[in-house]
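Please open the structure in a viewer and keep the selection panel at hand. The tour proceeds from the whole chain to individual residues.

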Amino acid sequence: MLLIRSLLLTALFFSLQSMGQNNETSLTFWNTLKSHCGNAYAGTLEIPKEDEAFGGKTLMMHVKSCSENEIKIPFYVGDDKSRTWILTMNDGIITLKHDHRHKDGTMETVNFYGGTSTNQGKSDIQFFPADVHTQKSIPDAATNVWWITIDDTTFTYNLRRLGTDRVFRVVMDLTKPIATPEAPWGWKD
């Protein structure tokens, strides 16, 4: 009986320890991103180079707002200040949503689409498969998978629409902060 109790306690200890380690990967990712709060960065479109909406335009992101459970990152495409990436953390799981606004600050019809990680990910990469809201509001995006990577030099925002040729990748240079851009459309501090 003592042997069984010892084995059960040992198994419980290791399972709790491994759960804590799993949460550490998403927390490390979160804290790395949060360490850039207040900074803005320029980037480039890597894929597809010839994209009509993004190709040849100045791309910037501003890690504008950070709290314990939410990070807001406006993403600028030339003069277009309509996009904000919103990341939230809940029990070690990160969600990515896209907030789109018109110039007057009102919400676009298709808004707050995105997904939630299915696990704690890794300390340098998080995946976000499309959620039910996304599937309902953008049926073609039901197979979207977004992912964000971050390391000492780069932040990447990526999209792959499974079963299609749709691929998108923006790379931001974290080694050279730039001047803080104007507030995005609809932003209220």
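Begin with Ser 82 and Asp 80, shown as sticks: their side chains are joined by a polar contact of 2.6 Å. The model in view is a predicted one. Ser 82 lies in strand E5, which spans residues 80-90. Is Ser 82 buried or exposed? Its relative accessible area is 4%, so Ser 82 is buried, the cut-off being under 20%. To see what surrounds Ser 82, select Asp 99, His 100, Arg 101, Glu 108 and Trp 185; these are the residues that Ser 82 touches when those up to four places away in sequence are left aside.

Next, return to the whole chain and colour it by secondary structure. Two helices and 11 strands make up the secondary structure of the protein chain. Read from the N terminus, the order of elements is α-β-β-β-β-β-β-β-β-α-β-β-β. Among contacts with a separation of 6 or more in the protein chain, 44% come from residues 24 or more positions apart.

Now switch to a surface representation. The protein chain has an accessible surface of about 10700 Å², and carbon and sulfur atoms contribute 55% of that area. Of its 189 residues, 40% count as buried.

For the interior, select Met 61, Ile 73, Leu 87 and Phe 155. These residues have the most contacts inside the largest nonpolar core, a set of 30 residues. In soluble globular proteins, nonpolar side chains tend to be buried together. Centre the view on Met 61 and display its neighbours. Apart from residues up to four places away in sequence, Met 61 touches Asn 39, Ala 40, Tyr 41, Ile 73, Pro 74, Phe 75, Trp 85, Phe 155, Met 172 and Leu 174. Two of the residues just selected for the core, Ile 73 and Phe 155, are therefore among the partners of Met 61.

The last stop is the disulfide; the structure holds one. Select Cys 37 and Cys 66, whose sulfur atoms are 2.3 Å apart. This pair links distant parts of the chain, with the two positions 29 residues apart: Cys 37 sits in the loop between helix H1 (2-34) and strand E1 (40-47), whereas Cys 66 belongs to strand E3 (residues 65-66). Which hand does the disulfide have? The torsion about the S-S bond is about 115°, so the disulfide is right-handed. Cys 37 is partly exposed, at a relative accessible area of 31%, and Cys 66 also counts as partly exposed, at 24%.

Conventions. Residues are numbered from 1 along each chain as its sequence is written. This is a predicted model: local features need pLDDT of at least 70, side-chain atom pairs count only at pLDDT 80 or more; totals for chains, interfaces and linings use all residues. Side-chain values use heavy atoms; hydrogens and water are left out. Helices (H or I, at least four residues) and strands (E, at least two) are DSSP runs, numbered from the N terminus. Buried means under 20% relative accessible area, exposed over 50%, partly exposed in between (1.4 Å probe, protein chains only). A polar contact is a pair of N or O atoms within 3.5 Å; within protein, one must be able to donate a hydrogen and the other to accept it, and residues adjacent in sequence count only if both atoms are side-chain atoms. Contact means heavy atoms within 4.5 Å. Accessible areas come from the Shrake-Rupley method with a 1.4 Å probe; for residues, only the protein chains shown count as cover. A nonpolar core is a set of buried Ala, Val, Leu, Ile, Met, Phe, Trp, Tyr and Cys residues joined through side-chain atoms within 4.5 Å. A disulfide is a pair of cysteine sulfur atoms within 2.5 Å.
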